[in-house]
Amino acid sequence: MKIIMKDHIRTLGVEEITGWYSDTMFTQKQAEDALHFHKSLPMYQETRLISLTAAAHSYGVRKIFVKDESGRFGLKAFKGLGGTYAVFRLLCQKFKMNETTATFEDFQREEIRKQCEAIEFVTATDGNHGKGVAWAARIFGCKSHVFMPKGTVEARRKAIEDAGASTVVITDLNYDKTVAYAEKMAQEKGWILVQDTSWEGYEEVPRRIIEGYLTMAAEIENQMEEDRPTHIFLQAGVGAMAGGITAYYLNRYRNDPPCITIVEPETVACIYLSAEMADGEPHTVEGDPITIMAGLNCGTPCGIIWPVLRDGVSFYCACDDCITKEGMRAYANPLGGDPAVISGESGAVTYGLLLEILKDKELKELWKMDEKSVILLINTEGATDPEGYERIIKDHKR
Ligand SMILES: Cc1ncc(COP(=O)(O)O)c(C=O)c1O
């Protein structure tokens, strides 16, 4: 294990990864099942995979691909993929439909719509997941209740209301405690909890949520054509998305997996902390951490995906907020003829980190990046807090 401290970045490199794979979890088959469902939604559109050709050329790597989720379902973030898929799978179970062949259309029948009206979902969120669940509940004709941690900006609360939630409440609790509160409310009120993290006894729904995220991997697979990534950078809150995508690629390229880097805010780097503790267990960052990366402000790793993050990842990075600000500005002001990308605080940290690496000879060597490298990033959100976004883009300070 190698720890490197640079200005604004802490890197934990694992010299020898032990590896992870599964024939049944987070495979191409699951990605295709999720894509099959998402394609059946009338508002489905594949999100773009951008190639930052000028940037790749300028920094001496073969390609930099960005999967741009800022346009997903009009929700400005990838998270709706998980919420919709979990709600779909729960409803398939309830109505005894075949989960791999059923489509959204099957839920439009009058008698099903009527029964859906009585179903209520609940979740805790720092923004995007709740918006996804609220929207999923609405399109299936169900109700939803969303709880948010203290410090949530009003724009994010309002966006969830607009997406269709029946109630949206900002609590005076941190994220982890808000999750516990949503679980308690589910038990008290008979609502169905759709949470994007897992704990003992609560694993099925988060697993479906993660499978829903694999639609991105299935799309990328088609969009990349003959290329395959050598390096993937994934931002993490609880690590469900990062772990799901990691698992997919470890399964897909079992004998020659890409180099995966997990990226978190330094104030709340629970996966970094867990890797650093090196006792094999996930660890929690306590307290009320502050970061502008609201979607990544989660103190406890997702239990079901933690083994993937522990065994299949080469680097863990904890980044100061200034790294994501740099990423946001670089996406907005691209080099040469590269397309501009609107990327929010939780979306841009991987690009900010990548630029730090590419500009630093020592880091570039550590990551073994050269003219053969094909790098994949996911812009997981657009301007979900439009005022914050404008402020950061106009500002030139770190
Ligand atoms: C925009 C954005 N990116 C990344 C993440 C991280 O996802 P996860 O919590 O599964 O690690 C989130 C989580 O809410 C998010 O909203």
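Which residue of β11 does L12 stand opposite? I will come to that in a moment, after a word on what we are looking at. This is a predicted model, in which local features need pLDDT of at least 70 and side-chain atom pairs count only at pLDDT 80 or more, while totals for chains, interfaces and linings use all residues. Residues are numbered from 1 along each chain as its sequence is written.

Now to the strands at the start of the chain. When I say helix or strand, I mean a DSSP run, H or I over at least four residues for helices and E over at least two for strands, numbered from the N terminus; two strands pair if DSSP finds at least two bridges between them. L12 stands opposite Y316 in β11, and that strand, residues 315–319, is joined to β2 by 5 bridges in the antiparallel sense. On β1 (residues 2–6), β2 (residues 9–13) is again antiparallel, with 5 bridges, and K6 stands opposite I9. The hairpin of β1 and β2 has 2 residues between the strands, and H8 takes a positive phi near 70° there.

Let me step back to the domains, whose bounds come from an automatic or database domain assignment. Domain 1 covers 2–78 + 206–394, and domain 2 covers 80–201; their C-alpha centres lie 24 Å apart. Taking two residues to be in contact if their C-beta atoms, placed from the backbone, lie within 7 Å, we find 38 residues of domain 1 in contact with 32 residues of domain 2. On the domain 1 side, α1 (28–39), α8 (204–224) and α15 (386–394) each supply at least two of the touching residues, and α8 gives the most, with 9. That side of domain 1 divides into 19 nonpolar, 11 polar and 8 charged residues, where Ala, Val, Leu, Ile, Met, Phe, Trp, Tyr, Cys and Pro count as nonpolar, Asp, Glu, Lys and Arg as charged, and the others, Gly among them, as polar.

Where does the ligand lie with respect to domain 1 and domain 2? Both domains give residues to the shell around the ligand, so the ligand lies between them. The ligand is surrounded by 22 residues, of which G237, A240, G295, T380 and E381 are the closest; a residue belongs here if its C-beta atom, placed from the backbone, lies within 6 Å of the molecule. The elements giving two or more residues to this shell are α5 (128–139) and α9 (240–252), and α9 gives the most, with 3 residues. By character, the shell holds 8 nonpolar, 10 polar and 4 charged residues.

Finally, there is an open sheet of 4 strands, paired in parallel in the order β7-β6-β5-β8. Because β7 (167–170) and β8 (192–193) stand at the edges, each with a single partner strand, one side of each is left without a neighbour in the sheet. Strand β6 (residues 143–148) pairs with β7 over 4 bridges, and F147 stands opposite V169 in β7. Helix α7 lies across β5, β6 and β8, running at about 160° to β5, with axes fitted to C-alpha atoms, for helices over the stretch in contact, and angles from 0 to 180 degrees between N-to-C directions.

Is A182, in α7 (residues 175–189), buried or exposed? A182 counts as buried because it has 24 C-beta neighbours inside 10 Å, the cut-offs being 20 or more for buried, 12 or fewer for exposed, and partly exposed in between, with C-beta atoms placed from the backbone. A182 and F147 are 35 residues apart in sequence, yet 6.6 Å apart in space, C-alpha to C-alpha.
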